[in-house]
Amino acid sequence: MVSSEVAVQNSVGLHARPATFFIQRANEFKSSIWVEKDERRVNAKSLLGVLSLGIVKGTVISIIADGSDEDEAVKTLVALIESNFSE
């Protein structure tokens, strides 16, 4: 199991379009992946789950992966968030 913390810095947080990009990338991996905020953990491959966390600009989240490609999954998703979803 691998995890990493990252601060969401894009203007709208992890809502609608950015959340869709995030989930599409998460679904490219075989590992189980979760997003955790304030001790609440949801499936990173679920749009409703991710949106239910209410992640806004400045929120620090943890990305957790467990499986055969866990390292690559966490690195890729952290990089996506740090790039501000290429905004």
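This is a short tour of one protein chain, first as a whole and then through its strand S2.

**The chain as a whole**

Keep in mind that the model is predicted. Its protein chain has three helices and four strands, and reading from the N terminus the elements go β-α-β-β-α-β-α. With a radius of gyration of 11 Å against the 12 Å that the globule rule gives for 87 residues, the chain is close to the rule, so it is as compact as a globular protein of that length. Along the principal axes, the C-alpha atoms take up a box of roughly 35 × 25 × 20 Å.

How much of the chain counts as buried? The share is 44% of the 87 residues. The accessible surface adds up to about 4600 Å², and carbon and sulfur atoms account for 48% of that. As for contacts between residues at least 6 apart in sequence, 68% of them link residues at least 24 apart. On the charge side, there are 9 positive and 12 negative side chains, with 6 Å between the centres of the two sets.

**Strand S2 and its partners**

Now for S2, which covers residues 32-37. Which strands does S2 pair with over five and four bridges? Five bridges join S2 to S4 (residues 60-66), and four join S2 to S3 (residues 40-43). Both pairings run in the antiparallel sense. Here are some of the residues that face each other across these pairings:

| Residue in S2 | Opposite residue | Strand of the opposite residue |
|---|---|---|
| Isoleucine 33 | Alanine 65 | S4 |
| Valine 35 | Valine 42 | S3 |
| Lysine 37 | Arginine 40 | S3 |

The link between S2 and S3 is a hairpin with two residues between the strands. One residue to look at there is aspartate 38, whose phi is positive, near 50°.

**Two faces of S2**

Which residues of S2 sit on its covered face, and which on the uncovered one? Ile33, Val35 and Lys37 make up the covered face, while Ser32, Trp34 and Glu36 make up the uncovered one. Why the every-other-residue pattern? Side chains in a regular strand alternate between the two faces of the sheet.

Put the two views together and the covered residues of S2 turn up again in the table: Ile33 is bridged to alanine 65, Val35 stands opposite valine 42, and Lys37 has arginine 40 as its bridge partner.

Notes: Residues numbered from 1 in each chain as written. Predicted model: local features only at pLDDT ≥ 70, side-chain atom pairs only at ≥ 80, totals over all residues. Heavy atoms only, no water. Buried < 20%, exposed > 50% of the residue type's maximum accessible area, 1.4 Å probe, protein only. Pairing = 2+ DSSP bridges. Rg over C-alpha atoms; globule rule 2.2 N^0.38 Å. Contact = heavy atoms within 4.5 Å. Areas by Shrake-Rupley, 256 points an atom, 1.4 Å probe, with all protein chains shown as cover. Lys, Arg positive; Asp, Glu negative; His and termini not counted. Charge placed at Lys NZ, Arg CZ, Asp CG, Glu CD.
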